[in-house]
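Work through the exercises below with the sequence and the model at hand. Each task is followed by its solution.

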Amino acid sequence: SEAAELSLAAGASLRVVDMGAGVAAASELLHEPDRLALLSAAAVRFAAQHRGAAVRMARRVVPLIRVG
């Protein structure tokens, strides 16, 4: 999805092939506190930048929808 790609580009997430790889990546991060701190900070920035995006989009779309 676009959000996932933006998150990856921002350094706020990791791409894994499946749940097992995700668990392994998370486990590795527990042993790499500096890398974990960088990812965490990037994730907080990313979330702050995109906070309210769904509400803003709904405010644009809802007036365009005809009911009934």
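**Exercise 1.** State which helix holds S7, whether S7 is buried or exposed, and which residues S7 is in contact with beyond its sequence neighbours.

Solution. S7 lies in helix α1, residues 2-9; helices are DSSP runs of H or I with at least four residues, strands are E runs with at least two, and both are numbered from the N terminus. The relative accessible area of S7 is 11%. Buried means under 20%, exposed over 50%, partly exposed in between (1.4 Å probe, protein chains only), so S7 is buried. Leaving aside neighbours within four places in sequence, S7 is in contact (heavy atoms within 4.5 Å) with A12, S13 and F46.

This is a predicted model: local features need pLDDT of at least 70, side-chain atom pairs pLDDT 80 or more, while totals for chains, interfaces and linings use all residues. Residues are numbered from 1 along each chain as its sequence is written, and side-chain values use heavy atoms, without hydrogens and water.

**Exercise 2.** Check the length of helix α2 against its expected span.

Solution. The expected span is 1.5 Å times one less than the number of residues. For the twelve residues of α2 (residues 19-30) this gives 16 Å. The end C-alpha atoms are 17 Å apart, which agrees.

**Exercise 3.** Describe the fold and spread of the protein chain.

Solution. The chain has four helices and zero strands, in the order α-α-α-α. Its radius of gyration (over C-alpha atoms) is 17 Å. The globule rule, 2.2 Å times the number of residues to the power 0.38, gives 11 Å for 68 residues, so the chain is more spread out than a compact globule. The C-alpha trace spans about 55 × 25 × 15 Å along its principal axes, and buried residues make up 10% of the 68.
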